Amino acid sequence: PAHFIVFFVVSRLMSIIGNLRPSKNSLPCEIDSLGVHAKLRYDLDAIGLASTDYGNIVHEIPSAVLYPTSIDDIIELIKFSNECPLPFNVAARGHGHSVRGQAMAHDGVVVNMLSLKKHYKNGNGIRVSTSGNYADVGGEQLWIDVLNATLEHGLAPLSWTDYLYLTVGGTLSNAGFSGQTFLYGPQISNVLELDVITGKGDFMTCSKDQNSELFYAVLGGLGLFGIITRARIVLAKAPKRVKWVRMIYSDFSIFTRDQEHLISTKGLEYLEGSLLMDYTPANNWRSSFFSPSNESQIISLLKKHGILYCLDMVKYYDDETANSVDKDVQMLQEGLNFIPGFTFMRDETYVDFLNRVRCGEITLKSKGLWDVPNPWLNLLVPKSRILDFNAGVFVDIIHRQKKTTGPLLVFPLTKIVWDDKMSAVVPDEDIFYSVGLLHSGSFNDWQDLDNQNNEILEFCDRAGIKMKQYLPHYKSKEEWIKHFGPKWNTFQERKAQFDPRMILSPGQNIFNYV
Ligand code: FAD
């Protein structure tokens with residue numbers, strides 16, 4: 001079956017690309033006289049990659065793909081587009097882990113940012129300042145490489161995503177969050193300075209004090225204002241190991257009450273949560289936490305309750321705190337109301353913990369189940385409506401329909417650690433929940449899952465749940481205006497200021513909507 005799936009994926013892609021061969025003609029012929037001309041690729045390998053992403057649902061064919069060897073190449077390309085009577089679109093492609101074609105450019109030029117990685121003359125594009133506790137990192141760098149490079153100095157960033165094979169520029173264009181975010185803020189709150197090539201082709205350094213409008217625009221800015229070529233990321237002393245505890249609940253309101261209690265407690269470094277359903281295995285690709293004997297205990301519990309909720313919390317430690325960490329964990333658990341006896345602990349290195357999703361990726365790839373359609377839906381739901389969301393979505397739509405087999409995540413975040421001047425949009429409450437419906441489909445059934453996503457969105461609308469989409473995807477400008485709410489005017493003004501000819505990030509479908 002794995003061979004069949006691989007064959008099916010490859011042949012489907014080839015047929016899409018075959019039908020829509022790129023036409024160099026859609027770019028002005030003067031492009032051939034540019035210095036970057038030799039770094040533009042028109043071959044099927046380059047075009048095929050640039051018209052695919054993790055979502056595997058949208059496929060937009062660019063006219064060319066730029067493989068830059070320096071940031072001057074990107075500047076030259078964007079400046080040239082600005083000079084054309086009819087400018088062409090340009091999209092930065094980080095690691096292409098978007099789910100709805102956000103890093104694509106129909107008939108335009110995709111910039112393959114990873115190409116920059118190979119062309120550093122001194123070092124690897126990651127420079128650590130031990131005296132300043134920060135790292136200067138190329139926008140094209142993967143977070144896993146940032147982790148490895150900073151650990152050499154005993155330091156590490158504070159704020160992470162669950163999965164580390166994403167680029168710095170890609171996550172900073174959205175927000176970048178995980179279980180550490182309630183405490184340290186999203187990745188966009190942990191940036192001191194950026195180098196950006198704007199949509200006009202200007203190279204600018206920006207921070208809260210210098211060119212601040214650009215700084216705030218770009219962070220969470222969906223790639224619409226400029227291409228990030230360097231980010232200065234805050235670092236702190238890295239722990240060596242972690243105690244990772246999972247507790248199981250059958251009652252959603254008790255589960256969320258404990259989650260909210262824990263994020264207001266000192267001494268915890270990470271908190272997430274997820275759902276188990278009686279029609280799926282207790283372990284999934286993203287988390288194989290339970291041993292076989294624990295798994296059978298949990299399956300009997302699932303038979304009784306239908307849905308269970310897992311609360312994950314983590315306490316970091318190192319040599320100095322190794323003796324006290326178990327006691328600290330015990331103290332954190334005091335007063336929690338998980339099902340008695342249903343608490344499980346793992347002891348891992350810090351790196352293995354942060355890189356925990358990688359194993360699942362490798363397993364899925366080996367079965368041909370990674371490059372399938374992934375119609376994910378990520379929402380930020382205000383705390384005041386999370387119980388209604390559970391009843392209407394988790395219980396009444398997802399559990400009743402039994403379609404979703406992918407991970408379902410739910411955990412609280414705190415608004416105070418987000419900066420409202422940045423472009424990222426979150427609900428207007430002090431605490432809101434990240435809900436990740438990480439569906440994996442097949443080429444035959446992904447549409448069913450997407451219909452379920454639409455049903456969920458309609459339910460929220462009808463019930464008046466003022467949630468926001470994370471990694472947003474909308475088809476009409478009206479929906480985008482609603483998404484940005486009071487931020488829309490500033491967002492539009494910033495676009496006019498930094499990318500007046502609307503060249504950048506066409507895959508977001510905001511300013512060039514269909
Ligand atoms: P791409 O998909 O290549 O690009 C995304 C957008 O950013 C595009 O609009 C692109 O034009 C723009 N862009 C890319 N590079 C730059 C740049 N240098 N400058 C300006 N704009 C740029 N997100 C979380 O917050 N937390 C998670 O835990 C998390 N886990 C994930 C796990 C998996 C398996 C996957 C597939 C995604 C996950 N995400 C998570 C979502 C992820 O953060 C976003 O999809 C992110 O954009 C992916 O980064 P990328 O490098 O692949 O970006």
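Domain bounds here come from an automatic or database domain assignment. This is a predicted model, where local features need pLDDT of at least 70, side-chain atom pairs count only at pLDDT 80 or more, and totals for chains, interfaces and linings use all residues. Residues are numbered from 1 along each chain as its sequence is written.

**Exercise 1.** Work out which domains the protein chain has, and which of them line the ligand.

*Solution.* Start with the bounds: domain 1 covers 2–117, domain 2 covers 120–237 and domain 3 covers 241–470. Next, check the shell: domain 1 and domain 2 each put at least three residues into it. As for domain 3, its centre sits 35 Å from that of domain 1, taken over C-alpha atoms.

**Exercise 2.** Describe the shell around the ligand.

*Solution.* Count first: 36 residues surround the ligand (C-beta atom, placed from the backbone, within 6 Å of it). The closest are G94, H97, G169, G170 and G223. Then sort them: 13 are nonpolar, 20 polar and three charged. In that sorting, Ala, Val, Leu, Ile, Met, Phe, Trp, Tyr, Cys and Pro are nonpolar, Asp, Glu, Lys and Arg charged, and the others, Gly among them, polar.

**Exercise 3.** How does the radius of gyration of the protein chain sit against the globule rule?

*Solution.* Grab the secondary structure first: 16 helices (H or I, at least four residues) and 18 strands (E, at least two), as DSSP runs numbered from the N terminus. The radius of gyration, over C-alpha atoms, is 23 Å, close to the 24 Å from the globule rule (2.2 Å times the number of residues to the power 0.38) for 514 residues, so the chain is as compact as a globular protein of that length.

Definitions and conventions. A residue is near a molecule or strand if its C-beta atom, placed from the backbone, lies within 6 Å of it.
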